[in-house]
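Here are some exercises to work through with the model open beside you. Try each task yourself, then read the solution step by step.

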Amino acid sequence: MAVVAPLLALLWGLPGLCRWLARPYYPLSALLAAAFLIVRKVPPLCRGLPSQREDGNPCDFDWREVEILMFLSAIVMMKNRRSITVEQHIGNIFMFSKVANAILFFRLDIRMGLLYLTLCIVFLMTCKPPLYMGPEYIKYFSDKTIDEELERDKRVTWIVEFFANWSSECQSFAPIFADLSLKYNCSGLQFGKVDVGRYTDVSTRCGEHSLGKQGPLRASPCDPPAPSGCLRVTVGLSCHRYKVSTSPLTKQLPTLILFQGGTEIMRRPQIDKKGRAVSWTFSEENVIREFNLNELYQKAKKQSKPREEGPEEPPAVPAAAPQEETKKDK
């Protein structure tokens with residue numbers, strides 16, 4: 001039974017493993033992560049390597065390399081305790097393995113370290129991690145459409161994710177957010193996404209808004225040459241500040257914001273006084289609990305029913321009298 005269970009798990013995950021191997025990002029990352037192991041263990045490559053072992057065997061790890069690898073294993077285990085998806089586990093293994101490989105190669109020979117570092121940089125610039133392409137009920141906003149959509153119908157509750165494609169945390173959270181949209185999307189509760197890496201003006205942007213029924217109020221024009229005593233008065237100008245920093249140091253990506261009536265109600269992760277994100281795990285359970293998705297979904301369904309049914313039409317007045325008149329005429 002101890003052998004059958006892992007075998008069944010391997011067979012069950014084989015289609016997903018094949019999809020990963022079909023994408024060049026994962027095989028190349030695995031090759032870079034295992035580069036030092038290959039160089040140190042493969043006999044044709046390890047013959048000329050220096051070694052600090054007492055027996056002088058160049059095709060085996062010395063005590064310092066074992067310490068570095070053990071330290072790498074401890075860091076990966078600590079980081080993976082907070083990982084939610086398989087992609088996060090694999091991403092942590094690849095990232096810390098590359099860091100350990102760079103240290104080990106520089107320890108052997110500075111030229112080998114520079115070569116490995118160059119290969120890693122070229123890999124990061126040319127091979128991007130695959131994006132989530134599964135089913136979802138998510139509307140993608142730009143810097144021009146997000147404000148219009150939030151103000152269009154204030155009865156609609158929006159949960160908007162601010163993300164960037166270069167962020168590994170955003171890519172790991174993408175399938176979770178898509179699954180939530182499939183479960184909780186309705187006419188009164190909708191999900192949206194904004195690529196703040198592409199639309200940088202979304203974080204802090206000022207724009208004009210309409211007041212009253214006369215359309216937008218703009219800065220009063222004074223056509224040149226301006227007459228004496230003409231004052232330039234600016235009205236109707238509002239600033240939409242979503243305050244989502246794209247800096248990797250602040251760790252604010254991804255950010256989930258709940259909008260009700262076009263106004264921000266809450267966000268996760270929260271931001272401290274220094275502008276850094278408070279540690280928060282982007283799991284499906286945490287999102288459902290913190291944003292009260294079950295309660296929001298039930299309220300949205302109740303509110304959407306009258307709108308879907310529409311206003312009741314007044315009963316039609318029967319045209320019995322004219323018919324009786326026509327019968328009498330006959």
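Is Arg267 buried or exposed, and what is its relative accessible area? Keep in mind that you're looking at a predicted model.

**Exercise 1: Arg267 and its partner**

Task: Classify Arg267 by its accessibility, then do likewise for Glu264.

Solution:
- Step 1. Arg267 has a relative accessible area of 11%. Buried means under 20%, so Arg267 is buried.
- Step 2. Now look at Glu264, which comes out at 31% relative accessibility and so counts as partly exposed.
- Step 3. Arg267 and Glu264 form a salt bridge, with their closest N and O atoms 2.9 Å apart.
- Step 4. Salt bridges can also link up through shared partners: Arg40, Asp62, Glu65 and Arg107 are joined that way into one network.

**Exercise 2: Two more salt bridges**

Task: Find out which parts of the chain the salt bridge between Lys193 and Glu161 ties together.

Solution:
- Step 1. Start with the distance: the closest N and O atoms of Lys193 and Glu161 are 3.6 Å apart.
- Step 2. Place each residue. Lys193 sits in strand β3 (residues 189-195), and Glu161 sits in strand β2 (residues 157-163).
- Step 3. The pair therefore ties together parts that are 32 residues apart in sequence.
- Step 4. Check the cover: both Lys193 and Glu161 are buried.
- Step 5. Now try Asp109 and Arg111, whose side chains meet in a salt bridge at 3.0 Å, N to O. Here Arg111 is exposed, at 62% relative accessible area.
- Step 6. For the whole structure, a search turns up 18 salt bridges.

**Exercise 3: The nonpolar cores**

Task: Work out which residues have the most contacts inside the largest nonpolar core.

Solution:
- Step 1. The largest nonpolar core has 26 residues, and Phe36, Phe105 and Tyr116 have the most contacts inside it.
- Step 2. Go through the elements that give this core two or more residues: α3 (25-33), α4 (35-41), α6 (63-80), α7 (86-108) and α8.
- Step 3. Helix α7 supplies the largest share, eight residues.
- Step 4. Zoom in on Phe105. Skipping neighbours within four places in sequence, Phe105 is in contact with Ala35, Phe36, Val39, Met112, Gly113 and Tyr116.
- Step 5. Another core lies apart from this one; it has 21 residues, including Leu180, Phe291, Leu296 and Ala300.

**Exercise 4: A nonpolar patch on the surface**

Task: Say which helix gives the most to the nonpolar patch.

Solution:
- Step 1. List the patch: Phe106, Ile110, Leu114, Leu117, Ile121 and Met125 make about 580 Å² of nonpolar surface.
- Step 2. Helix α8 (residues 110-126) contributes the most, with five residues.
- Step 3. Take Leu117, which lies in helix α8. Leu117 is partly exposed, with a relative accessible area of 38%.

**Exercise 5: Two buried residues**

Task: Find what surrounds Leu258 and Ser181.

Solution:
- Step 1. Leu258 belongs to strand β6 (residues 255-260) and is buried, at 4% relative accessible area.
- Step 2. Leu258 and Ile159 are 99 residues apart in sequence, yet 4.7 Å apart in space, C-alpha to C-alpha.
- Step 3. Leaving out residues up to four places away in sequence, Leu258 touches several others, among them Trp158, Ile159, Phe291 and Leu296.
- Step 4. Turn to Ser181 in helix α10 (residues 168-184). Ser181 is buried, with a relative accessible area of 0%.
- Step 5. Beyond its neighbours within four places in sequence, Ser181 is in contact with Glu136, Tyr137, Ile138 and Phe191.
- Step 6. A polar atom of the Ser181 side chain lies 3.1 Å from the backbone nitrogen of Tyr137.

Notes: Residues are numbered from 1 along each chain as its sequence is written. This is a predicted model: local features need pLDDT of at least 70, side-chain atom pairs count only at pLDDT 80 or more; totals for chains, interfaces and linings use all residues. Side-chain values use heavy atoms; hydrogens and water are left out. Patches are made of residues with over 30% relative accessible area and no salt bridge: like charges are joined within 9 Å, nonpolar side chains (Val, Leu, Ile, Met, Phe, Trp, Tyr) within 5 Å. Accessible areas come from the Shrake-Rupley method with a 1.4 Å probe; for residues, only the protein chains shown count as cover. A salt bridge is a side-chain nitrogen of Lys or Arg within 4 Å of a carboxyl oxygen of Asp or Glu. Helices (H or I, at least four residues) and strands (E, at least two) are DSSP runs, numbered from the N terminus. Buried means under 20% relative accessible area, exposed over 50%, partly exposed in between (1.4 Å probe, protein chains only). A polar contact is a pair of N or O atoms within 3.5 Å; within protein, one must be able to donate a hydrogen and the other to accept it, and residues adjacent in sequence count only if both atoms are side-chain atoms. Contact means heavy atoms within 4.5 Å. A nonpolar core is a set of buried Ala, Val, Leu, Ile, Met, Phe, Trp, Tyr and Cys residues joined through side-chain atoms within 4.5 Å.
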